[in-house]
Amino acid sequence: MSNWPCRRIVVVGGGTAGWMTAAALGKTLGSLADVRLVESDAIGTVGVGESTIPPLVTFNNLLGINEAEFVRATNATFKLGILFENWKDVGQSYFHSFGTTGKDHWTAGFQHFWMEGRARGHEQPYDDYCLELKSALANRFAHLRDNGLSYAFQLDATAYARFLRTLAEKEGVVRQEGRIASVEQDGESGNVTALLLEDGSRIEGDLFVDCSGFRALLIGQTLGSAFEDWTHWLPCDRAIALQTAAVRPPVPYTRAMAHDAGWQWRIPLQHRVGNGLVYSSRYLDDEAAMERLLGNLEGEVLTEPNKLRFAAGTRRAQWSHNVVAVGLAGGFVEPLESTSIHLIQRSILRLCRMLPYGEISARDIAEYNDQHHQEMVQVRDFIILHYKVTERRDSDFWRHVSAMEIPDTLKQKIELFRETGRVFRRNEELFQENSWVQVMMGQGIMPKSHHPVAMKFTDEELSRFLSGIRDSVARTVQGLPPHPDYVAQYSAGP
Ligand code: FAD
C-alpha cells in the first residue's frame, strides 16, 4: 500500500463522467491509489450523451480498449460528422465533418483556393473536397490504412458506462452503491473529508472527483463554486429524449434538425435510434415540445420520454479545495456539436497531469481552472455561432438569437472570416480552422475576399489542383464498404 498523501480517491457518481474518471485513474495509478466510486441506482444517470467526437478514439486507446469489443458492447456506429438541417434557413442543410476539406497551403486554408476557383467559374461545391463528408452522405465507412478517415462513435451511453465499469473494476476500482446523505468537511481548511451515505456508511477520502451530474453535490452544494451563466447566449434549457426502433440501416452521422425554438437530434446506433428535442422554455412550452418530438419520429417508440432541464454555463472553479468536478457537475454548454463527453475526457487528462505529489498546490488549482475555463469558452463560442449566424427570422426564437449581442472573441472570428476568408485556431482550441469554415459557410457567410496567393495558379493549374482532389475523394468513397455492413462485420469480431 502506498503512502502517497492523495492515496484515497473518491469518485462521486457513476454516469459517463464517473466511470470514465474511475477507469482512467485506475489505469494510470494502479496500486498507488485506492479508487472508490459511489453511485446511487435510485438516482440513476442522465442517460443521454450518445454522440461523440474523434478524440474519444484516443481516450479509448489510452485505456487499452479493444475497439471492436467496445463497438460491440456499446452497439456503436461510426460517426463522421453532423448534418445540420434548417439552420441556415428552413429547407437548407449543410454538413460539419470531422475531416479536412481539400489541401491547405501554409499561407492559406483550402477555402481560399476554392473561392479563387469559384471566381474563375468552377461551380463544384466545397463539400466535394472532403472525404469524411462524402463518405458520410454515401453511408460508407472503413478504417483506412493511409490517411484514415477521422471518426468518432455514436454509442449507447448506459452501455458505455457499464463497459468502463468492468474495465475500472479490473484495475482495482471499488464500487459502492448508496445515496450520499451528507458531506463532512475539515473545519479549518474546508476540505471535504468524508461522505456519509443513507445506510450509515462513511467514506473517507483525500481527493474527491465530483461526477454527480447536474446536482454538483460537492463542487456546488458543498463548496459553493459559482456558476457562470451563459443562457443569454444559449437560451435552450430543456430537452426531451427517447429511443425508437431503427427503420433503416444506420448512417455514420448525427442529424441536428433545427425547429422554430431549438433543434432535434437523431443518433443512429446499431440496434436503435436516440432522439431528443432541445428547446428554449421561453419560446416553447413543454407540452408543445413533446408534441413536436412525437410528431417527428421514425419507428416505434421504445422508452418513456426522459425530460431534462439544464442551463448553459460553467462553474468558475472546477477544482476547489480537494474537489475536482468532472462532467455535468462542472457545467454544460449544450449538446449541439457533442462536446460534453470530450470535455469530460479533457478534465480527466488534465487531472491526471496535475495530480499533486504532496499537498495540493494553489498554483495547480489556478492553472487547472484557467485551462478548463478557456476550453469551455472556446466551445461556447463555436456553439453560439450556429445560432447567431443564420438567415432564419421565422420565429421569435430565431429573431432573438440572430440579433443578440455575442462575445467579442466570437465577433472578431466571424467578421474576420466575412471580410477575408481567414480563420485562426488560437490556443489549441478544439475546433480547428476547417470546422469553423464549414459551419460559417454552412450557416450562410460567404467571405468578401480571399488570400492573393491563390491567384498565382494559372487556370489550368487551378483546374488540375481542384479536380485532382475531387477525383481522389470520389474514388476513395467508391472503394469504401457500406457503413452498416462494416459495423456488423467489425463488431462481430474476427
Ligand atoms: P450523470 O449521468 O447525471 O451521473 C451522475 C451520477 O451521480 C449518477 O451515477 C448518480 O447516481 C450520482 N449521484 C448524484 N447524486 C448522488 C448522491 N446524492 N448519492 C450518490 N450518487 C449520486 N454529451 C455528448 O458528448 N454528446 C451528446 O450527444 C450529448 N447529448 C446530451 C443531451 C442532453 C439533453 C444532455 C442534458 C446532455 C447531453 N450530453 C451529451 C452530455 C452527457 O450526457 C454528459 O456529459 C454525460 O452523460 C456525463 O454525465 P455525468 O456523468 O456528469 O452525470
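**Notebook: contacts, core, sheets and ligand shell**

I began with V11 and looked up its contacts, leaving aside neighbours within four places in sequence: V11 is in contact with G18, T21, A22, V35, L37, V209 and C211. I note here that the model is predicted.

**Core.** I then looked for the nonpolar core around such residues. The largest nonpolar core has 138 residues. V11 is among those with the most contacts inside it, along with V12, A22, L164, V326, L385 and M440. I asked which element gives the largest share of this core. That is α1, with eight residues. I also checked the domains: this core draws at least three residues from domain 1 and at least three from domain 2.

**Domains.** I wrote down the bounds. Domain 1 covers 8–76 + 154–229 + 312–378, and domain 2 covers 238–309. Taken over C-alpha atoms, the centres of domain 1 and domain 2 are separated by 27 Å. I looked up the contacts between them and found 14 residues of domain 1 in contact with 15 residues of domain 2. On the side of domain 1 that touches domain 2, I list six nonpolar, five polar and three charged residues.

**Six-strand sheet.** Next I traced an open sheet of six strands, in the order β7-β2-β1-β11-β20-β19, with mixed pairing. β7 (174–177) and β19 (319–320) are the edge strands, and each pairs on one side only. Inside the order I checked β11 (residues 207–210) against β20 (residues 323–325); they pair in the parallel sense over three bridges. Which residue of β20 stands opposite F208? I find V323 there.

**Three-strand sheet.** Another open sheet has the order β12-β18-β21, and its pairing is antiparallel. β12 (227–229) and β21 (331–332) stand at the edges with a single partner strand each, so one side of each has no neighbour in the sheet. I counted the bridges between β18 (residues 313–315) and β21: two join these antiparallel strands. In that pairing, G313 has F332 of β21 as its bridge partner.

**Strand β13.** I asked how many of the residues of β13 are buried. Five of the seven are, so β13 is largely enclosed by the rest of the structure. I then looked up its partners. Seven bridges join β13 to β16 (residues 273–279), and the two run antiparallel. In this pair A241 stands opposite G276 of β16. β13 also pairs with β17 (residues 306–309), in the antiparallel sense, over four bridges. There I find A239 opposite L308 of β17.

**Ligand shell.** I turned to the surroundings of the ligand and found 39 residues around it. G13, G15, G49, G213 and G327 come nearest. I sorted the shell by class: 18 residues are nonpolar, 17 are polar and four are charged. Which elements each supply at least two residues of the shell? I noted α1 (16–29), β2 (34–39), β13 (238–244) and α9 (340–353). By domain, the shell draws at least three residues from domain 1 and at least three from domain 2.

**Helix α4.** I asked whether α4 (residues 110–119) is mostly covered or mostly open, and what the count says. It is mostly covered, with eight of its 10 residues buried. I list the buried ones as F110, Q111, H112, F113, W114, M115, E116 and G117. What do they pack against? The buried residues of α4 pack against α13 (433–442) and α14 (459–479). After the helix I looked at G121, which follows α4 and has a positive phi, near 95°.

**F110.** I took one residue of α4 for a closer look; F110 has its place in this helix. Why does F110 count as buried? F110 has 23 C-beta neighbours inside 10 Å, and the cut-off for buried is 20 or more. Not counting residues up to four places away in sequence, F110 touches T101, G102, K103, D104 and Y129. I also checked T100, which is 10 residues from F110 in sequence and 9.1 Å from F110 in space, C-alpha to C-alpha.

Definitions and conventions: Residues are numbered from 1 along each chain as its sequence is written. This is a predicted model: local features need pLDDT of at least 70, side-chain atom pairs count only at pLDDT 80 or more; totals for chains, interfaces and linings use all residues. A residue is near a molecule or strand if its C-beta atom, placed from the backbone, lies within 6 Å of it. Ala, Val, Leu, Ile, Met, Phe, Trp, Tyr, Cys and Pro count as nonpolar, Asp, Glu, Lys and Arg as charged, and the others, Gly among them, as polar. Domain bounds come from an automatic or database domain assignment. Two strands pair if DSSP finds at least two bridges between them. A nonpolar core is a set of buried Ala, Val, Leu, Ile, Met, Phe, Trp, Tyr and Cys residues joined through C-beta atoms within 7 Å. A residue is buried if 20 or more other C-beta atoms lie within 10 Å of its own, exposed if 12 or fewer, and partly exposed in between; C-beta atoms are placed from the backbone. Two residues are in contact if their C-beta atoms, placed from the backbone, lie within 7 Å.
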